[in-house]
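User: I would like a close look at the salt bridges here. Please use surface exposure and enclosed space as the setting.

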Amino acid sequence: MKNKVLSFLIVIVLFSVQQVVAQHKTNTKEKPETKELEESQVPVLVNKIETYNFIIDRNKFLLQRGYDVSKIENALPDIEKKIKGFKTRFEKNGQQMNLRSLNSAVILLSEVSDNLTDYKKILSEYTAELEKSEKDLKKIINDIGLKVAVEDSTLRTQLSDVINEGKNANILERRTQTKINLLSSRISVNLLQTKNLSSDMLYLSISKKINMWSQEESPLFKAKPSEYESSLFEVVTKALSRSGKIIVIYLGAKIHIIVLSLLILIVVTGWMISNMRRIKKMEDSESILAQVKFLKRSVIVGSLMGFFTYIPFLFANPTMSLLHTFELLRLAALCFLLPPFLTREARIMWFTLTGLWVFYALDDILLDSAFGERWCLFIAAIILLVLCVKIIRNRTKLFIGLDASPATKALVIFTIFQIVLSIIFNLTGRVSLAKIFGVSAVQCLMLGITLKVFCTMVLESIYLQTEAYQSSRFSDFINFKELQHRFQTYLWVIASVVFFISFVRNLTLYDLLTSSASQFFYETRSIGSYKFTFASIAIFICIIWLSSIISSFISFFFGHEKAVSGGKRSSLNSMMLLIRLAIWTVGFLIAVAAAGIPIDRLSIMLGALGVGIGFGLQNIVNNLVSGVILAFERPIQIGDQIEIGTKAGVVKEIGVRSSKIHSAEGSDIIVPNGDLLSQHLINWTMQDRSKRVEFIIGVPYSTNLEEARKLISDKLALNERVLPIPKPVIILQDFGEYAIGIRVLLWVADLAVAGEVRTEAMIDVKAVLSEAGIQLQVRPLS
C-alpha cells in the first residue's frame, strides 16, 4: 500500500516538473530575449517609428471622424417604426386593401428598402476599412523589430509609445467594429422584413388583379347599404388622411428632386418673364403678342402649369396620391388659362369635366368600397358619357382663337370606350375594374387637353425667344417659322409617350411595363461569340446622335452662311471642321465606353473596316482624309471664289467628306474633298478679291490709234470702280480683215462686281469714242 502511494507521489512530482518546464518554454517563446540594437540600425528604427506613428494617427483620425454612423443611427428608429406600421396594417387589414393602396405601400417600402441597402453598403465599406486598419495595427504590435534594447532614453520612450498607442487604437477599432456589426445586423433584419412584406403585398396585388375580373360585390341594382361597413363620408375622410401621410413620407425621401424641380421652375419662369418684358418694350409688341395665347394671359401661371405637367416624371414611381395632387394643381392652373379661349357651352363642359375629375381622383384613393360610392360612380360615368358625345358633335364650336386638335375625336372615342366598360363593370359588381376604367377615362381626356395646352405653350415660349432676340445667332437657329412644324412633331411624339405611360399607370400596369422594358433592354443576347444588350445599342446610338447635334450647333454658330452671303473670306471653317472631327471622335469613344463594347471587339471591328476599305471604301476614306488635309493646309476657305474643272462658284461649306460650292446660277454643287486635292483648282480669292476683266473693240483703219488709246485711258481713269493700280492697259490686239482690234484690260477691287464694272467700262468707251467721231467697226452684214 505504501509502495503504491509512493509511486503515485513520484508521478505527480514528475508531471508538475514537466508542466513547469513547458510553461517556461512558452514564456520564453512569447517573450524573446531583448536584443541589443546596433548603432547602424538606429536610422532604420527611427524611420519605422515615424511610419508607424503616421499609420496610428491616420487610424485614430478615421476612428474619430471617418466612421460616423450617427446619421444611420438617427434614421433607423423612424425606419423601424414605418416598417412596423406597414406590417401591423397589412396583418390587420391586408385583405381589405385595394390595388391603389397596395401599390402605394409597395412604393414606400421600396424607398425604405433602397435607404436600408444604401446604409448597409456604407457599413460594409466601413467594415472593410476597419479590417484593413486592424491588420496594419497588428503588424505594428507584433513587430519584433520594436522589441529591442536601446541606450537612448528618448528612442526607448518612442518605442514604448508606439506599441502602447497601437494597442489602444486596436482596442478602439474593435469597439467601433462591434458597434458597426450590431448596426449592420439590425439593418439586415429590417431589410429582410421590408423585402418579405413587399413580396407579400406584391403577391396580394397580383391576386387581386386576377380576382378583379370576377364578381367582387353584388350587382349595382341589387346592392344594399347593409352590405358595406362604412359610409361614403367615413371612407373619404380616412382616405384623405392616409393619402396626406403617404405624400409626406414619400416626399421626405425626395428632397433633392424637389429642389431640382424648383430650380428648373425658377429658371424657366425667369427666362420667359425676361423675354416677355423685352418684347413689351418693342414698338411692334402688340403684333408680336397677338401670336401668343396662354403665356400672354399669365407667364407665371403658364409656367406653373408646365411645372406640374413635367414634375411627375422626375420621380421614378410616385404614389397615386402624389400624382393626383400634382394633377389637381395643374388643373387649377388650367382653369385660369383655358376658359377665355372657350365658348360659353365649352366653359360649362370644361368645369363639369373638372368636377368629374375631382370626384374620380377622390374615388381612386379610397381604401374601402361604399354603397354611395357605387351610385356616384354610375352617375359620374353617365355624365361623362354625355359630355363626350357632345364634344364629338360640337368639336368645331368649342374654341375661340384656338385650332381644334385633329386627335380630339380619337381621344374622345377612346374615353367613351373606357366609360362604357366602367358602367358595365359597375353594374355587374366588378367594382375595382369600374373604378380603374372610370379613372382612366377622365384622366385620359384631361391629360389630352393638358398636353395640347402644354405643347402650345412650349412653342409660344420658343416664339417669344426668337422675337425678343431677333439678332442673336441662337434665335436664328431656333427660327420659329422654319422649325415650328418640326418642333410640333417632336412635342406630339413626346406627348404620345407621356399619354401612353399615364394610361398604363392608370390601369395599374406600370410595374409590368417597367419590368418588361427592363427585361427587353437588359437581357443579354448574342451573335456568335459576341454578347450585347439592346440598352447598350440604344446608349451607343443616343451618344452618336447627341454628337451630331453638337456638331450641328458648332457648324451653325460659326456662321458660314453669313460669310457666303456677305462675300467675305472666313478661315473659321477650317477650325470648325477640326472641332467637328474632334467631337465625332470623342463622341464615338464615349459611346463605345458607355455601351460597354470591349476593346478587343473594337479592334476586330476596325480590322473588318480595314478590309472593307481595301475592297470598296477607298473613295470614302480618300475623301475623309482629304477633308482633314483641307482643314490643315487651307487651300480654300469659306467665301472663296473657285473653279474646279467645269464647276465654278463660292465655297459655302467645307465638310468632313465633301464640300459645297454655291454657283452663280443659284445651285449648290457637292464636290468630294478628294477632287479638290487631286484636280487643278483655281482660287480667285486666295490672296485678295481683285480680278482682271477685259474686252475687245474694233475701230476703222483710218482711226488715229494713239488718240483712241488716250481717250480710252482717260475715260477709264474717271471710273472709281476701276483700280488705278494696276493701271488699265490698252493694247493693239490684231489687224483684222475689217477693223483694228483694241484689247482693254482693267482691274476691279471685288470680283463680285466684275461684270458690272466691265459693262460700265464698255459703255463709257463706246460713248467717248463716239463723241470723238470714232465709230466702232464691225464686219459688214454682207
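Analyst: Happy to. Let us begin with exposure: a residue is called buried under 20% relative accessible area, exposed over 50% and partly exposed in between, with a 1.4 Å probe and protein chains only. The model is predicted, so local features need pLDDT of at least 70 and side-chain atom pairs pLDDT 80 or more, while totals for chains, interfaces and linings use all residues. Residues are numbered from 1 along each chain as its sequence is written, and side-chain values rest on heavy atoms, with hydrogens and water left out.

Now to the pairs themselves. Side chains of opposite charge can pair when their charged atoms come close. Here a salt bridge means a side-chain nitrogen of Lys or Arg within 4 Å of a carboxyl oxygen of Asp or Glu, and the structure holds 13 of them.

One of these joins E73 to K179, with 3.6 Å from N to O. This pair links distant parts of the chain, because E73 belongs to helix α3 (residues 70-93) and K179 to helix α5 (residues 153-211), 106 residues apart; helices are DSSP runs of H or I with at least four residues, strands are runs of E with at least two, and both are numbered from the N terminus. Both partners fall in the middle class of exposure: E73 is partly exposed at 30%, and K179 is partly exposed at 43%.

Helix α5, which holds K179, also contains L192. L192 has a relative accessible area of 52%, so L192 counts as exposed. In space, the C-alpha of L192 lies 9.9 Å from that of L116, although 76 residues separate L192 and L116 in sequence.

The pair of E706 and R709 is a local one. Their side chains form a salt bridge with an N to O distance of 3.8 Å. Both residues sit in helix α25 (residues 705-717), and because they are three residues apart, about one helical turn separates them. E706 is exposed, with a relative accessible area of 55%, whereas R709 is partly exposed at 34%.

Next comes the bridge between E756 and R721, at 3.0 Å from N to O. E756 is part of helix α26 (residues 754-771), while R721 lies in the loop between α25 and β11 (729-735), so this pair ties together parts that are 35 residues apart in sequence. Both are partly exposed, E756 at 44% and R721 at 31%. In addition, R692, E694 and R743 are joined into one network by salt bridges that share partners.

R692 and E694 take part in that network, and the numbering of strand β10 runs from 691 to 699. The loop between β9 (681-683) and β10 is the place of Q687. Q687 is exposed because its relative accessible area is 73%. D640 comes within 10.0 Å of Q687, C-alpha to C-alpha, with their positions 47 residues apart in sequence.

What about the enclosed space? On a 1 Å grid over the protein atoms alone, a cavity is a set of points where a 1.4 Å probe fits but cannot get out, a pocket is an open set with protein on both sides within 12 Å along at least five of seven lines, and lining residues have an atom within 4 Å of a point. Points are joined across faces, edges and corners, and a volume is the space filled by probe spheres set on them.

Three cavities of 30 Å³ or more are counted, and the largest contains about 190 Å³. Its lining has 15 residues, with L323, E327, R330, L447 and S502 nearest the centre. Two or more lining residues come from each of α11 (320-337), α15 (431-468) and α17 (480-506), and α17 gives the largest share, five. By class, this lining has eight nonpolar residues (Ala, Val, Leu, Ile, Met, Phe, Trp, Tyr, Cys, Pro), three charged ones (Asp, Glu, Lys, Arg) and four polar ones (the others, Gly among them).

The second largest pocket has a volume of about 630 Å³. It is lined by 30 residues, and T408, L411, L445, G448 and I449 are the closest to its centre. Helices α12 (344-364), α14 (408-427), α15 and α17 each supply at least two lining residues, and α15 contributes the largest share, seven. This lining divides into 23 nonpolar, five polar and two charged residues.
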